[in-house]
Amino acid sequence: MSENPVPPNNPRGSRRGRGGRGRSRGGRHHGSERPSGAGEGSQPSQTEDVTSQSRPAAEVSSEAPVDVVTETERGGRRGLRRGRGTASGQRSVIVSHRTRGGPRAAPGLALNNSPGLSVDAPEFVPGQPIASSSAGPRVAAAKPKPSARRMSKSSASDLSTRIHEDILNGQYECVICTNEVVRTSRIWSCSVCWTVTHLHCVKKWHTNQTKNKEDHNPNPAPGWRCPGCNSSLSEDPGPHHCWCGKELDAKPIAGLPPHTCGQTCSKPRATCPHPCPLMCHAGPCPPCTLKAPTQTCYCGKHMVTKRCVESEYGKGWSCQEICGDLLPCGEHTCSRLCHSGLCGACEIPILSTCYCGVEQREIPCDQRDELLESFRYRQHESPAASGDVPTDTDSDSDSDPWFDGSFQCGKQCGRNFDCGHHTCQKACHPQDEAPAHCSFSPDLITHCPCGKTSLQSISAEPRQSCQDPIPRCDKPCDKALACGHLCQNKCHIGPCAPCPRYVDITCRCGRTAVNSVCHQGNIEHPLCFRICRAQLNCGRHECGEHCCTGEKKAAERRKQKRNASDNYEAEHICLQVCGRQLKCGRHACQQLCHKGPCPSCLEAVFDEINCSCGRTVLQPPQPCGTKPPECRYECTKARPCGHPTISHQCHTEDIPCPKCPFLVEKLCICGKKVLKNQPCWFGETRCGLPCGKKLKCGTHLCRELCHRTGQCEDAGISGSHCPQPCGKVRKSCEHSCADQCHAPYPCKEDKPCEFKTFITCSCQNRKQEVRCLATKLNPWPARETTLKCDDECLRLQRNRRLADALNIDPETHTDDFVPYSDATLRLFRDNATWAQAQEREFRVFASAPDEKRLRFKPMPPHQRAFLHALATDFGLDSESEDPAPHRHVCVFKTPRFVSAPQKTLAQCLRIAQAAASIGAAASAVKQPTTFADRQRQTSQAFNAFLLKGPRFGLTVEEVDQALAIDLLAVARYGPAVKFTTSFLLSDEIVIKATPVTSTAAIATASLAATPQAVESALTAVKPALVKTVSLLNLATSVTLCHADSSLNIVRKEGDAGSAGGWNAVASRRRTAQTGGTTAPLSPVPRSFLTFRKVDLKKKQREKERELLASPVEDDWLTAAEQLEQDEDGVEGKDSGVDNTNTEEPAAISSGGDSVGSGP
């Protein structure tokens, strides 16, 4: 990545030699221009580069900031040089911040411009003092520091010079790391595009490409891609060497171009026999300027000598004369102009005669067959005599009976044999002067047509002429037919009849066979309807061919589990083009369909890749699919709304700018209401009101919420009706019509009304849903109007009478039965969260009918004790197995198990705590006798603090922060509650307490979260709260009150009827403890422990902590054996006895560990 800020000037452009002579080491002047009229010895101030001459200039980056520092030379060698006049003894030191190992300028030194380096400096006169400039003092502190000159990129015409100069000036960037390539860098150069990179960069590039190929393809193609031109290269990047490759690990030589060895290049040229005569250089070798060897033309008649660059060594040259070489026919010569390669076949047309002399035609010379002499036995029938073919031969050739035939006409010969009765049935062939002997002559035919029997044994009279019939025997022919079978007909004359046999011919895949007539030598396998489902080698497609020939081979391959691509059948090689989109997103994979991911795109991008703002650029070439670079500048895109943009980083086009945060007024999309404080980016603002427009039916209104115009409910419905129910009252039953809107037509009441109604029994217990079923013709259909009471109705009536007799309120009566033991509830309260998770496991196990055994992971003794107790309450059996630290609990279902308890542990714990609280309150105060008094005390108990006369400007946060410590003390006196602070319209502050309903809070609270317990806790905390409010001047007074869910103050402290109930209990309790004073409540301990029990509990906790901290053994058998070896002094070891049972509470020994349950 390269960014394009304004480049600073290159400090190396103003380098001077020692003593200010303006020469570099090589004698070339690169410094700034001297003022006119100043000689070599008249320069009063010189500049000198502090960078050592032994270090290459390219090592200093051209983009490094430059400090120009002026130092005053003092005394000795720092004074004026001898013979330099009375000039000022100052020098300018140019220091680059990127110089490694060189001196850096002091940050406090200012630039001091010498009059000898100034444009308006006075002329120097030897022997006279230097006059100061009239523009100002010599040292201008306020003058800005001038920027040093920077060398620009080379503009040489040839590539080699540009590479040398850019590396020398620090302007050549590595295309991989984008750092400069300098004289001392170890480099690598591409042999195709001549791109120069760092050697370590290209080696890492090569390693990454090779690794990616191996990851994506198990058999990668050899070669790798150049990072500059993306060309495929076969040679791996080797060691560092000079440009010509003669010297390895070449060192920079002063006065020579970078990375050159100083020897002759001598690289061979591809189109020239002369090696390169230049000194070792970068880039391609220039064209050859020498003379080429003498070359002859293609036909060899002429010779010429040209320049090497003009000679085409691979092609040759043509003299443009007739070739004249003898053609392969040996009769004609080549008539083409001087050409390369062979002359080719002779294509001159020649009048030729067939072998039998029947046909004459013009044939190219190279297409004629062998010339054979033939006798013209049909001279009167020749085409030349009849005039069909023009003749260019003389009369002597026509009278000659012998001629040369050169092709076969394809016709039947038809010449009479010597018998005069039969003719030759052969194709066109050379003729002899005498006719051929008849093939049916008695001297030639001595056996029957099948050849098995001689004629003498068949007939007593021999044949006298060729016209006599040939006798036949009674044997089968047995001649081999084309299909391979033997002819089964009797001995016969002429060709054999087709084979009449039926054979089994298999289909192409070999799965089925068909019985059909013999194939007569032309085997064509039929196709069955079986479709091949074998997977092709690509893994993406299947064969799908009917009657595939490779299906059996594919089945054998799958059976042997050979899935390598080289073992696939030829029929199952996928020939489709892959076509999947490559990672670049522009091109598709052109390889054959294959497995695994597609390779990287081989195309390259030769255009600059810019970010959105254009200030960050990637220089070409780049791999196809390269994303725009990440830009460190801010985004400059303007918002379409006109609001200022939020400061954010430049991003690509597919990433939108942050949404506009400004709030504006917008009209909702239905146009009814203007909404304020709407985000500017929000496109569709909706008011949330129903549309209310009349639909096409004219009866119903649109029920859709705020929407665009034309998007009402009936927008997609044709006709004058809408999708809403009709809703009109039926005349037959006065129920609403449930059909879809059918305006403008009346309701059809011929169908029964589907409106549902209920019929009940006399006691209203039973209820049944029935349909109206009224129609226009039958408005009162026959159906039941009431139900009969059943046994359940009688049971409920009996229970109601019993409740009235016992004075029980059914609405408030609840079942307080707790199906768990006290030990289970106590252990549940100690760790409610963990215990709830175990209870869920028990309930899932109890609800699964197929599960018979549940095994828990190893755990400490007190947790195992809870599991044993819970299993007993569920009606399950439990056992502890394995020694510590692998001891765990297993739970089993037995016949006594019925189902899990209906109430959870948390519910039962709340019931138990509520019962304990009510019992304690009942012993302290007389309970109200009527149900109304109980309901009033429960519903209007104090649950909030009311702060009257709050301080002006007081906020909710200040109140919560000031009273946080006092409000947290409520948990010590009652249940867990949380407080909510609110301001009332009467300028009062209410702090309402709400009980925490989480399971963990309920399980760990000291009291149940009843209204009376909350009121008692608030009363205990009130004195401390009043003191804090008065000390911080938060309000004038603090009182207790009852606030409902809408923060309405229903009851305040001091109102009539506020005394009594739990307030009375709390006040009496405080009076009994303090002797009549009204001191705040203090937490009363619920039990006492002796010091011995405290020590035992501490030891028990430490022992449990040690067990939890002990490591868990992987092999518990080995651990048990080691434990037995350590206990040498213990006698009567019994592996079946569980020693850890002593740690578990004895209260649950009924569900604890069994002695014989296991090791």
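**Notes on the model: helix α10, its surroundings and some backbone oddities**

1. N677 sits in strand β22. This is a predicted model, and N677 is a residue I'd list among the backbone points: its phi is near 55 degrees, a positive value in a residue that isn't glycine. As for the side facing solvent, N677 comes out at 59% relative accessibility; the cut-off for exposed is over 50%, so N677 counts as exposed.

2. L1047 is another non-glycine with a positive phi, about 60 degrees here. You'll find L1047 in the loop between β31 (1037–1043) and β32 (1049–1052). Its relative accessibility is 28%, and that puts L1047 in the partly exposed class.

3. Now the cis peptides. The bond from P620 to P621 is cis, with omega near 0 degrees, and P621 belongs to the loop between β19 (616–618) and β20 (622–623). The bond from A743 to P744 is cis too, with omega near 5 degrees. P744 is in the loop that runs between β22 (674–679) and β23 (756–760), and β22 is also the strand that holds N677.

4. On to helix α10, residues 861–874. Its 14 residues span 20 Å from first C-alpha to last, close to the 20 Å expected at 1.5 Å a residue. How many of the residues of α10 are buried? The count is 12 of the 14, so the rest of the structure largely encloses this helix. Among the buried ones are the charged or polar Q863, R864, H868 and D873, along with P861, F866, L867 and F874. Right after α10 comes G875, with a positive phi near 85 degrees.

5. Two helices pack against α10 in the sense of axis crossings. The axes of α9 and α10 come within 11 Å and cross at roughly 40 degrees, which makes α9 oblique to α10. That crossing is right-handed. Helix α8 (residues 822–830) has an axis that comes within 9 Å of the α10 axis, and the two cross at roughly 135 degrees. α8 and α10 are therefore oblique to each other as well, but α8 passes α10 in a left-handed crossing.

6. The aromatic pairs come to 6 in total. Take F842 and F856: their ring centres are 5.6 Å apart and the planes are at 25 degrees, so this pair is stacked. F842 belongs to helix α9 (residues 832–847), while F856 is in the loop between β25 (853–855) and α10, so the pair ties together parts 14 residues apart in sequence. Both F842 and F856 are buried. Ring pairs also bring in F874, giving a cluster of F842, F856 and F874; F874 is one of the buried residues of α10.

7. Which rings have a charge over them? K893 has its charged end over the ring of F845, 4.8 Å from the centre. R557 lies over the face of Y568, at 4.0 Å from the ring centre.

8. Last, N567. This residue is in the loop between α6 (551–559) and β17 (604–605). Is N567 buried or exposed? Neither, quite: a relative accessible area of 30% makes N567 partly exposed. N567 and N537 are 30 residues apart in sequence, with a C-alpha to C-alpha distance of 9.2 Å.

Conventions. Residues numbered from 1 in each chain as written. Predicted model: local features only at pLDDT ≥ 70, side-chain atom pairs only at ≥ 80, totals over all residues. Heavy atoms only, no water. Helix = DSSP H or I, 4+ residues; strand = E, 2+ residues; numbered from the N terminus. Expected span 1.5 Å × (residues − 1). Buried < 20%, exposed > 50% of the residue type's maximum accessible area, 1.4 Å probe, protein only. Phe/Tyr/Trp six-rings, centres within 6.5 Å; stacked < 30°, edge-to-face > 60°. Lys NZ or Arg CZ within 6 Å of the ring centre and 35° of its normal. Axes fitted to C-alpha atoms, helices over the stretch in contact; angles between N-to-C directions. Parallel < 35°, antiparallel > 145°, perpendicular 65-115°, else oblique. Left-handed = near helix turned anticlockwise from the far one by under 90°.
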